[in-house]
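Reader: Hello! Please take me on a close walk through one part of this model, starting with a strand and its surroundings. I will follow along with the structure open.

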Amino acid sequence: MTYDFAIIGAGIVGLATAREILLARPHASIIVLEKEIDVARHQTGHNSGVIHAGVYYAPGSLKARFCREGAQATKAFCADYGIKFETCGKLLVATNEGERAGMEALFERAKQNGIEVKRIDADELARLEPNMTGVGALLIPSTGIVDYKMVAAAFAEIVTSMGGELHLGAEIVAIHEYSDMVEISTTRQSWNAKALIVCAGLQSDRLAKLAGLRINHRIVPFRGEFYTLPKSRAGLINHLIYPIPEPKLPFVGIHLTRTIDGRIIVGPNAVLGFAREGYEKFSFRPQDVLDYVAFPGFWRVIGTHFAAGVEEMRNSLWKQSYLAQCRKYCPDLSLADLEPGVAGIRAQAVLRDGTLVHDFLFAETARMLHVCNAPSPAATSAIPIARMIAEKVLARFEQL
Ligand SMILES: Cc1cc2nc3c(=O)[nH]c(=O)nc-3n(C[C@H](O)[C@H](O)[C@H](O)COP(=O)(O)OP(=O)(O)OC[C@H]3O[C@@H](n4cnc5c(N)ncnc54)[C@H](O)[C@@H]3O)c2cc1C
């Protein structure tokens with residue numbers, strides 16, 4: 001049998017894409033191939049669980065547009081399918097006068113991106129968040145929280161209930177594109193499809209190369225390490241608390257987040273990873289490291305962001321140093337409050353010239369579409385990203 005569509009990757013982007021295609025073409029035959037034994041085992045299942053509003057992103061970028069649309073779409077989806085979410089709002093806290101300029105720039109950016117934002121002074125900050133300290137803050141009321149594993153699982157259920165197939169434990173090791181179809185294989189089995197969409201997150205560059213694409217980037221893994229606060233700290237914050245981020249880096253800084261299951265987590269940092277899918281602290285996979293050290297773009301990133309990299313490494317190795325980041329806005333936190341938490345690993349695309357790719361990145365051939373970079377907030381944005389991919393492949397499919 002030749003499927004109409006095959007999708008590699010049952011993270012939130014792959015599953016949302018399968019759903020969008022089936023919503024638009026309910027009779028299409030579709031198979032989702034995932035190497036793990038369950039959906040959402042990588043980035044989708046290891047993130048902060050924030051429904052971002054879209055403050056940070058360059059106006060006019062796909063990231064800005066998809067985030068704004070995605071936040072609304074995610075909340076509407078959760079409301080329709082009974083998935084618990086909360087619109088708790090977020091505060092971006094300036095901890096000293098030096099950070100005010102960054103705060104003002106974000107205020108302007110939020111307005112340009114059409115997001116509701118309010119400046120608040122130190123007194124109002126103290127009233128809203130008695131345990132936080134700062135010279136001022138931005139309040140973003142529409143930011144929310146959810147468990148993206150539940151969203152992904154709901155997408156998977158919809159896909160299979162609409163006749164789509166989900167094949168777990170299927171690690172794709174070969175892709176061959178022919179003039180009339182694409183052949184996709186594990187070591188034991190092959191499938192044919194008229195069109196292939198690859199949403200492989202941390203493995204996206206390897207699958208692109210496997211499919212014969214000439215790519216100009218590599219995925220560099222950046223670990224995001226979290227701590228959990230003890231139950232006794234459950235009332236510490238009312239909103240999500242974020243620092244003013246460094247604008248040149250694609251990461252938003254260590255924040256305090258309430259989770260939908262009632263915990264408070266601290267993190268994530270952004271430290272160079274030595275394994276793409278190794279979540280334990282000192283995970284090391286030689287091939288994963290070789291892949292980036294052999295890539296010139298990696299060394300250019302190191303050259304540009306050396307100081308920030310050393311700082312992140314120090315924060316990762318010394319809890320005291322990690323704590324110091326949080327104490328800038330939450331002075332009351334102590335070492336004992338930082339209980340071991342999980343880690344997530346970001347798939348960060350880096351170009352040969354050393355550019356950290358901030359926006360989404362796609363690569364296409366006649367019968368394939370590869371999602372090469374789907375950075376945060378791709379969980380928030382999954383529905384509009386999927387809609388765009390579905391429109392693209394369906395328009396193409398009509399001509400095939
Ligand atoms: C620490 C951290 C915090 C984050 N916080 C947020 C947040 O608060 N809000 C937000 O919106 N976003 C957040 N993000 C970003 C968000 O989680 C990701 O952008 C999003 O989950 C990407 O989804 P994906 O489907 O592209 O990738 P993934 O979820 O990684 O899925 C890719 C899938 O492809 C599969 N795969 C790979 N290779 C193969 C193969 N050869 N054969 C078969 N299957 C394969 C993998 O097993 C995996 O299941 C965060 C990310 C991290 C790491």
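Author: Happy to. Let us begin at strand S15, residues 255-258, where His 255 and Thr 257 point one way while Leu 256 and Arg 258 point the other way, and all of them are buried. Buried here means under 20% relative accessible area, with exposed over 50% and partly exposed in between, using a 1.4 Å probe and protein chains only. Strands (E, at least two residues) and helices (H or I, at least four) are DSSP runs numbered from the N terminus. In a regular strand, side chains alternate between the two faces of the sheet.

A word on the ground rules: this is a predicted model, in which local features need pLDDT of at least 70 and side-chain atom pairs count only at pLDDT 80 or more, while totals for chains, interfaces and linings use all residues. Residues are numbered from 1 along each chain as its sequence is written, and side-chain values use heavy atoms, leaving out hydrogens and water.

Now to the partner of S15. Strand S16 (residues 264-267) runs antiparallel to S15, and four bridges join the two; strands pair if DSSP finds at least two bridges between them. His 255 faces Gly 267 of S16 across this pairing. Five residues lie between the two strands of this hairpin, and in the turn Gly 262 has a positive phi of about 90°.

Follow the chain past S16 and you meet a cis peptide bond from Gly 267 to Pro 268, with omega near -10°. Pro 268 sits in the loop between S16 and strand S17 (271-272). There is also a cis bond between Ser 376 and Pro 377, where omega is about 10°; Pro 377 is in the loop that links S20 and H11. For context, most peptide bonds are trans, and most residues other than glycine have a negative phi. Ala 40 has a phi near 60°, positive although the residue is not glycine. Ala 40 lies in the loop between S2 and S3, and it counts as buried because its relative accessibility is 6%.

Helix H11 leads to the largest nonpolar core, a set of 49 residues in which Phe 5, Val 151, Ile 197 and Ile 389 touch the most other members. Such a core gathers buried Ala, Val, Leu, Ile, Met, Phe, Trp, Tyr and Cys residues joined through side-chain atoms within 4.5 Å. H11 supplies the largest share of this core, 12 residues. Leaving aside residues up to four places away in sequence, Ile 389 touches Val 13, Thr 17, Ile 197, Phe 362, Leu 369 and Val 371, where contact means heavy atoms within 4.5 Å.

Val 393 is another residue of H11, and at 8% relative accessibility it counts as buried. With the same sequence neighbours left out, Val 393 touches Phe 5, Ile 21, Ile 197 and Leu 369. Val 393 and Ile 197 are 196 residues apart in sequence, yet their C-alpha atoms are 8.4 Å apart in space.
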